[in-house]
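Hi,

Here is the structure I said I would pass on. Have a look at it first, and then read my notes underneath.

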Amino acid sequence: MPAVIFDQVTKEFAGGAVRAVDRVSFEVHEGELLVLLGPSGCGKTTSLRMIAGLEEPDEGEVTIDGTLVSSPTRNVFVPTERRGIGMVFQSYAIWPHMTVFENVAFPLRARRARRAAIADKVEGALALVGLEGFAQRSATQLSGGQQQRVALARALVFEPRLLLLDEPLSNLDAKLRVRMRTELKELQRRTGITSVFVTHDQAESMALADRVVVMRQGHVEQIGTPEEIYEAPATRFVSEFVGSINFLPAEVSRELAPDGIVSLRFGDGSRAISCEWRGAAAPAVGQQMLVSVRPENLTLRPGPSPDHENVWDCVVRSAVYYGDHREYEVAVDDRIFKVSAPARTAVEPGERAYLACRAADVFVVRE
Amino acid sequence: MTGTSPTEAGLAAPASFALPVRRRALRHRVRMTPGFVAAAGVALFTGALVLYPVGMLLFGSFWTSRPGLPGQLTLDNYVSAYTSGDTYKLFATTVLLMGVKTLVAAALALALAWIVTRTDTPFRRALEVLIITPYFVPGILEAIGWILLLSPRTGAINVAARQIFGLSDAPFDVYSIGGMLWVMALGSVSFMFLLITSALRSMDASLEEAARASGAGAMRTALTVTLPLIAPSVLAIMMLSFIRAVESFEVPVLLGTRAGIFVFTNKIYSAIQDYPVNYWLSTALGASFIPLTLGLVLVQNRVLRGREFVVVSGKGYRPRVVRLGPFRWVAFAVCAGYFVLAAALPISQILLGSFTRVFGLFEPEMLTLNNYTALVSDPRLWRGLTNTLWVCATAAVVTVALCSAIAYIVTRTKHPLRRPLDLVAWLPWTIPGVVAGLGFLWAYIFFPLPLYGTTALLVIAFVTGGLPLGVRVMAGGLVQIHAELEESARSHGASWAYMARRVLVPLVRPVMAAAALTLFAVFSRSVAPVVLLAGIGTELLSVLLFQYTLQGQMQVVSALAMILLLVNIAGLAVARRVGAFGVKEEV
């Protein structure tokens, strides 16, 4: 049984003028880390807050561990404090009038735990996040990273069945963010706690998630593992949101081959592109579709390549050196492709070259 | 209804009392939780507190006889009031007098604010503090101080002028239009200065620097860039000051009535106090006053368009100062002169008077402590002191408790009654003190519970009047506390009550303390809303002071005034301390 079932949930704001979340459904499996990913205003935080019980859904049902916690139609609403969750907030929400110890002990005291147990558990939670010896510090004396750890310790001290994290890393500087991300993932693996993590940062979602729910304007665009989301995005929005990409309107020119390769035409019709077909029904000849290929899957070379199904001659328009790689813009006829190439690639702007990619790296996306 | 007229409620921080902003109503399921019911209870209680006296005043204005006596509905009260030429004269006098006062005070306030924020005048930080000081002097003391200085017979300046120049007549008379203008203008400069300074400080300095860089001199920059930019703010501030003036009570009664100069407030007071008592006129005028001030406040809000003045100063930046050269000492003298006239002179005259046997003469053998010992032996004054302490303290605590609940409901919940609650708690802001007092009189004189003539009624009057200031301060305090601090407690297992006890209250406690002390100071000085309610056994220092001044017992008055000033300053000083030390940054 899934740990959380989010079933056809809708949330409206401003008297129905804004549908922040519109019939959204997903499940969180036991022990997994699920990331809700999307741009601001996509409904990811609202969804998380509805799992937490900080917002009431207008429609739909939320179930945690088999217990129905929100259902407007059945007039069920379990208040936040009785949902048995741990939560880390974007602002950390460390109470400034309490010490680190008091902050972390709060979930235990609120539930009237025994004194002896409290001291032990707080110590354990602080050790878990690497803050041994900080117990008596005032919460306001901590750095951002330390506050983050206190927030995490506080969320875990009660050993909740569900951990909710609302953009917890977004207030940290870039280096610390990457380090905390790794630690968080490691901690989640060790404790095996079912977690829901909200972020707008696609790299963060890739690095952390067991599965990702990509949201946009209150709808779910795609649910899948990070690999599925990146390599086989279902929609144009997802493909763009999770990474840089080239789009190409094209027309099916030949029936689907037995090896699963479909051939298309683009440009003035003289250019061909092959693509590995992943859809169910075979495409009809003459059908228009949008194919795409990521810049890092394009190769720029001085001569034609026998290893790639797709090879076009091109003109290099511009080149930018980034240290670890180079980024090119090249033109095939008048169509521009972004290419991310190894730093050692030696082609200069204005030169002619060949652009190549494998059929397996080309995919069709929905608008 | 207000126990605290805007004049007094403006005391602490709120530079403006913007009408609560209209938000679109949320479609929200109503869940009959205990919290929901409690919030509804708070809303209904507040509504009753405010609307019952207003309603009774309106009813009274359509009633043929006195409060609580049998009679019938009638329009005669209004007909009589509005067919009398006196009423229109009253309007004209009010608008003209207060309008001129506002213009004069605004010009001076603008000049002082510019000097302090934009020039190299020496000691401008100290000057700024001095210019703000009169703001904290209760209005009634301002009037008393100038009576002691300028009353025709015994006023110190008149006595001195007669002796020095050998005049037979007093050159000044405080009981005149000029005297009223003088005292009121001096009193309101400080308030306007406070707001204009913050408007000047919040202005982007680069706008002025751009003018200087484009070749404009200091004066040209001030007149062509600075002034037009803050003009909307200044206009709104002037309107606010005008409204406060229209509602002001002590100066018109103490200085105007005696000279036969009537504005709205002293007319209403005279109609009930003078024989024969004229209830119909007082209620008809009082009830007409409410839409008038409400209209003015709404217009002022419109001018302000949601902008508010932040009194908290300083982004830490200092705009380029204008070098005044030798004129900087002139500027210094203007600022210092204002402080002397608005605070130092009247207060020191009261202080001196409180140790003097006879007024107008200062010789060492006239010094005495009798005025103070007389206070000690007068049972009314003792009761006044103890009542003031108890009633104002109780009212302050109750107001803060109620306003905390209201502010929480309004800012943190989606309760369907939160918008009406916000409005009704704001309404007393628009009701002048003396009209409020009239409403309370009318409402509670035959109330089922025997409240009339008790200190409990004074508490009710103060609490009702303190709502706008209290809600405003508490809402400001709550906004400072990130909602996630509260949500985080709830999501970690705390019930609402546990969260409130462990998180919310500890975090807003400094604000609550500061609000309570400020309200205490405001209540302890206010006259208008309680002057009709405080009687024998329910004396208040402020009301006694007012009545003794009317009777001309100036020796007792000055000693009493010093005590009221001390009570006030003590409250405000503690409030400042609490405010300064309690509120943590970034909470």
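Below is what I found, going from chain A to chain B and then to the place where they touch.

Keep in mind that this is a predicted model. For chain A the mean pLDDT is 90, and 100% of the residues reach 70 or more. If you go through chain A element by element, strand E3 (residues 33-37) has the highest mean pLDDT, at 97, while strand E21 (residues 363-365) has the lowest, at 84.

**Chain A: the open sheet and its helix**

A good place to start is an open sheet of 5 strands in chain A, ordered E2-E1-E4-E5-E6 and paired antiparallel. Its edges are strand E2 (18-28) and strand E6 (76-77), each of which pairs on one side only. At the E6 end, strand E5 (residues 67-71) is joined to E6(A) by 2 bridges, with the two strands running antiparallel. If you want a pair to click on there, Ser70(A) sits opposite Phe77(A) of E6(A).

Helix H1 (residues 44-52) of chain A lies across four strands of chain A: E1 (4-13), E2, E4 (59-64) and E5. Relative to E1(A), the helix runs at about 120 degrees. Is H1(A) buried or exposed? Of its 9 residues, 9 are buried, so the helix is largely enclosed by the rest of the structure. That list takes in charged-looking names as well as greasy ones: the buried residues include Lys44(A) and Arg49(A), along with Leu48(A), Met50(A) and Ile51(A). Just after the helix comes Gly53(A), which has a positive phi of about 90 degrees.

**Chain A: further along**

Strand E12 (residues 246-252) of chain A has two pairings to look at. With strand E15 (residues 288-293) of chain A, E12(A) pairs antiparallel over 6 bridges, and Glu251(A) is opposite Gln288(A) of E15(A). With strand E13 (residues 261-266) of chain A, E12(A) is again antiparallel, over 2 bridges. Here Val252(A) stands opposite Leu264(A) of E13(A).

**Chain B**

Chain B has 23 helices and 0 strands. It runs to 587 residues, and 49% of them count as buried. Taking the contacts in chain B with a separation of 6 or more, 80% are between residues 24 or more positions apart.

Which residues touch the most other members of the largest nonpolar core? They are Ile196(B) and Leu560(B), in a core of 241 residues. Once neighbours within four places in sequence are left aside, Ile196(B) is in contact with Ala109(B), Leu110(B), Ala113(B), Val234(B) and Ile237(B). Apart from that core lies another one, of 24 residues, and its members include Val262(A), Val339(A), Ala341(A) and Ala356(A).

**Where the chains touch**

Finally, the interface: 24 residues of chain B are in contact with 24 residues of chain A. On the chain B side, helix H20 (483-491) and helix H21 (496-525) each supply at least two residues. H20(B) gives the most, with 7 residues. By type, the chain B side divides into 10 nonpolar, 6 polar and 8 charged residues.

Over to you.

Conventions: Residues numbered from 1 in each chain as written. Chains lettered and ligands numbered in written order. Predicted model: local features only at pLDDT ≥ 70, side-chain atom pairs only at ≥ 80, totals over all residues. Contact = placed C-beta atoms within 7 Å. Nonpolar A, V, L, I, M, F, W, Y, C, P; charged D, E, K, R; others polar. Buried ≥ 20, exposed ≤ 12 C-beta atoms within 10 Å, placed from the backbone. Core = buried A, V, L, I, M, F, W, Y, C linked by C-beta atoms within 7 Å. Pairing = 2+ DSSP bridges. Axes fitted to C-alpha atoms, helices over the stretch in contact; angles between N-to-C directions. pLDDT = per-residue confidence, 0-100.
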